[in-house]
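I opened the notebook to go through one structure step by step. These entries record what I looked up, in the order I did it.

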Amino acid sequence: MSYCMPPAQEMVYLHTTVECMLRRQTTYSQEEMESPERRDALVMWLVGLYHQSQFKLETLHQCISIIDGFLTRKNIQPERDRLLGITAMWLAAKFEETKLMKLQNWLLSLPERFEPSNVVAMEAEVLQCFSYDFDRPTTYGLLEILATYF
C-alpha cells in the first residue's frame, strides 16, 4: 500500500528537499561572518526599489531567491552587493512581469546610477552560476499554493 501526501505537505517536503540540496556547506572566515548583515541591508534596499518600481510581489521574492542562490555559490566584494541586487531584480522581472521597460530606462528611474554594461556583465555571471536554471520554488509561490488549500 503506497502513501500519498496531501498536496500542501508534498509541496513543503519538495521545497525543503530542494533547498537542502542547493545549500552549500561551508565554514565561514571571520571576514565572511558579516554576510548576513550585508544580505539584510541589501534586501531592505531592494524592498525600497520594489516599491518605487511597482513590480509584482512575486518579482521581489524571485529576486531574493536569486540573490540567496548566488551568494551560496559565490562570494562577492561588498561594493558589488547593490549591483547584484539590481541584476537579480532585473532577472526576476524578466520572469514575473508582463510589461517590462528597457533596461536603460529602468536604470535611469533608479535613485542610484548603474551602467547597463555592468548590469549585463553581472547578469551573465549570475546566469552562469545558476547554469541558466531558475526553476526554483520561492517562499511566495509555496505560500500561494498552500493558501489555496486552507
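Entry 1. Before starting I wrote down one definition: buried means under 20% relative accessible area, exposed means over 50%, and partly exposed is in between. I applied the definition to Tyr-149, whose relative accessible area is 45%, so Tyr-149 counts as partly exposed. I also noted that this is a predicted model. Tyr-149 is in helix α7, which covers residues 139-149. I found Tyr-149 again in a nonpolar surface patch of about 360 Å², made together with Ile-145 and Phe-150.

Entry 2. I then looked at the chain as a whole. I found seven helices and zero strands. The chain has 150 residues, and 35% of them count as buried. I noted an exposed area of about 9,800 Å² for the chain, with 56% of it supplied by carbon and sulfur atoms. I also looked up contacts between residues at least 6 apart in sequence, and 74% of these join residues at least 24 apart.

Entry 3. Is Tyr-50 buried or exposed? I read a relative accessible area of 14%, so Tyr-50 is buried. Tyr-50 belongs to helix α2, residues 35-53. I set aside its neighbours within four places in sequence and listed the contacts of Tyr-50: Phe-55, Lys-56, Leu-57, Leu-60 and Met-89. For Met-89 I looked up the separation from Tyr-50, which is 39 residues in sequence and 8.4 Å in space, C-alpha to C-alpha.

Entry 4. Aromatic rings came next. How many aromatic pairs does a search of the whole structure find? I noted three. Trp-90 and Trp-106 form a stacked pair, with 5.6 Å from centre to centre and 25° between the planes. Trp-90 is in helix α4 (residues 81-96) and Trp-106 is in helix α5 (residues 103-108), so this pair ties together parts that are 16 residues apart in sequence. I looked up both tryptophans, and Trp-90 and Trp-106 are buried. Phe-55 joins Trp-90 and Trp-106 in one aromatic cluster. I also found Arg-73 over the face of Phe-130, at 4.7 Å from the ring centre.

Entry 5. I turned to charged side chains. Side chains of opposite charge can pair when their charged atoms come close. I counted seven salt bridges.

I noted that Glu-125 and Arg-80 meet in a salt bridge at 2.9 Å, N to O. Glu-125 is in helix α6 (residues 116-129) and Arg-80 is in the loop between α3 (57-73) and α4, so I recorded a link between distant parts of the chain, 45 residues apart. Arg-80 has 24% relative accessibility and counts as partly exposed.

I looked up a salt bridge between Arg-82 and Glu-112, whose closest N and O atoms are 2.1 Å apart. Arg-82 is in helix α4 and Glu-112 is in the loop between α5 and α6, so the pair ties together parts that are 30 residues apart in sequence. Arg-82 is partly exposed at 35%, and Glu-112 is partly exposed at 29%.

I found Glu-123 and Lys-94 in a salt bridge at 2.5 Å, N to O. Glu-123 is in helix α6 and Lys-94 in helix α4, so this pair ties together parts that are 29 residues apart in sequence. Glu-123 counts as buried at 10% relative accessibility, whereas Lys-94 is partly exposed at 43%.

My last note is on a network of salt bridges that links Arg-39, Asp-40 and Asp-68.

Definitions and conventions:
Residues are numbered from 1 along each chain as its sequence is written. This is a predicted model: local features need pLDDT of at least 70, side-chain atom pairs count only at pLDDT 80 or more; totals for chains, interfaces and linings use all residues. Side-chain values use heavy atoms; hydrogens and water are left out. Patches are made of residues with over 30% relative accessible area and no salt bridge: like charges are joined within 9 Å, nonpolar side chains (Val, Leu, Ile, Met, Phe, Trp, Tyr) within 5 Å. Accessible areas come from the Shrake-Rupley method with a 1.4 Å probe; for residues, only the protein chains shown count as cover. A salt bridge is a side-chain nitrogen of Lys or Arg within 4 Å of a carboxyl oxygen of Asp or Glu. Helices (H or I, at least four residues) and strands (E, at least two) are DSSP runs, numbered from the N terminus. Buried means under 20% relative accessible area, exposed over 50%, partly exposed in between (1.4 Å probe, protein chains only). Rings of Phe, Tyr and Trp (its six-membered ring) pair if their centres lie within 6.5 Å; planes under 30 degrees apart count as stacked, over 60 as edge-to-face and the rest as tilted. A charge sits over a ring if NZ of Lys or CZ of Arg is within 6 Å of the ring centre and within 35 degrees of the ring normal. Contact means heavy atoms within 4.5 Å.
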